[in-house]
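Have your viewer open and a selection box ready? Let's take a walk through this protein, one selection at a time.

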Amino acid sequence: MSDEVFVRLAQHLESSGFEEAITDFAFEHGDKFLKLGGPASPEASEHSLECYHAYQLFQKTIETQLEAFLASEGLDEQSFLKLCVEANKNDDDDSTSLINGFLASLEYENFCQFMLDFVEEQQKGEEEEEEA
């Protein structure tokens, strides 16, 4: 059963505009992760309150998507967590990587790295356009 739930979760994320929402979010908040003309390090001991606030907004975005999915499946958070534990015990590679990716995105350092990578890609794209 857990495999089917995670397949449907992946489908839900694809069909709900989740990726587009995350990209829009990164465009909107990416500039907060620049310091003195360069990206802030995700390992830095201090981050601005703006960065942390962006992280909290990102968490809310993820939670909203997950809550919508759980409601459509008729699952509560505890049942979903049990399915996650079960999938990890069974070493289901597809489910495990989806779970780990989802959870990792909710860790502050991983979020910062995502934002820094996004900003870096945007800067590279802008430089390439200017050279062309």
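Begin with the surface switched on: the protein exposes about 8,600 Å², and carbon and sulfur atoms supply 49% of that area. Keep in mind throughout that this is a predicted model.

**Stop 1: the whole chain**

Switch to a cartoon view. You should find six helices and two strands, following the pattern α-α-β-β-α-α-α-α along the sequence. Of the 132 residues, 33% count as buried. If you draw the contacts with a separation of 6 or more, 77% of them are between residues 24 or more positions apart.

**Stop 2: the nonpolar core**

In soluble globular proteins, nonpolar side chains tend to be buried together. Here, select F6, L9, F33, F80 and F111 and show their side chains: these are the residues with the most contacts inside the largest nonpolar core, which has 29 residues. Now colour helix 1 (2-15), helix 2 (18-29), helix 3 (49-73), helix 4 (77-89) and helix 6 (108-131), each of which supplies at least two residues of this core. Which helix gives the largest share of the core? That is helix 3, with eight residues.

**Stop 3: F80 and its partner F6**

Centre the view on F80. Setting aside residues up to four places away in sequence, F80 touches V5, F6, L9, L66, F69 and L70.

Next, turn to the rings. A pair of aromatic rings is described by the distance of the centres and the angle of the planes. A search of the whole structure finds 11 such aromatic pairs. One of them is F6 with F80, a tilted pair with 5.8 Å centre to centre and 55 degrees between the planes. This pair links distant parts of the chain, with F6 in helix 1 and F80 in helix 4, 74 residues apart. Are these two residues buried or exposed? Both F6 and F80 are buried.

**Stop 4: Y55 and Y108**

Select Y55 and Y108 for another aromatic pair, this one edge-to-face, with 4.9 Å centre to centre and 80 degrees between the planes. Because Y55 lies in helix 3 and Y108 in helix 6, the pair ties together parts that are 53 residues apart in sequence. Y55 counts as buried at 7% relative accessibility, and Y108 counts as buried at 19%; the cut-off for buried is under 20%.

Then extend the selection to F25, F33, Y52, Y55, F58, Y108, F111 and F114, which ring pairs link into a cluster.

**Stop 5: the salt bridges**

Side chains of opposite charge can pair when their charged atoms come close. How many salt bridges does the structure hold? There are two.

For one of them, select E73 and R8, whose closest N and O atoms are 2.7 Å apart. E73 sits in helix 3 and R8 in helix 1, so this pair links parts of the chain that are 65 residues apart. E73 counts as partly exposed at 24% relative accessibility, and R8 is partly exposed too, with a relative accessible area of 31%.

For the other, select E120 and K124, where the closest N and O atoms are 3.9 Å apart. These two are four residues apart in helix 6, so about one helical turn separates them. E120 is partly exposed at 38% relative accessibility, and K124 is partly exposed with a relative accessible area of 40%.

**Stop 6: H12**

Go back to helix 1 and pick out H12. At 17% relative accessibility, H12 counts as buried. Show what lies around H12: beyond residues up to four places away in sequence, H12 touches Q65, A68 and F69. You have already met F69 among the residues that F80 touches.

**Stop 7: G30**

Finish at G30, in the loop between helix 2 and strand 1 (34-35). Is G30 buried or exposed? G30 is buried, with a relative accessible area of 5%. Leaving out neighbours within four places in sequence, G30 is in contact with M115 and V119. For a last distance label, join the C-alpha atoms of G30 and A54: they are separated by 9.1 Å, while the residues are 24 apart along the chain.

Key
Residues are numbered from 1 along each chain as its sequence is written. This is a predicted model: local features need pLDDT of at least 70, side-chain atom pairs count only at pLDDT 80 or more; totals for chains, interfaces and linings use all residues. Side-chain values use heavy atoms; hydrogens and water are left out. A nonpolar core is a set of buried Ala, Val, Leu, Ile, Met, Phe, Trp, Tyr and Cys residues joined through side-chain atoms within 4.5 Å. Buried means under 20% relative accessible area, exposed over 50%, partly exposed in between (1.4 Å probe, protein chains only). Contact means heavy atoms within 4.5 Å. Rings of Phe, Tyr and Trp (its six-membered ring) pair if their centres lie within 6.5 Å; planes under 30 degrees apart count as stacked, over 60 as edge-to-face and the rest as tilted. A salt bridge is a side-chain nitrogen of Lys or Arg within 4 Å of a carboxyl oxygen of Asp or Glu. Accessible areas come from the Shrake-Rupley method with a 1.4 Å probe; for residues, only the protein chains shown count as cover.
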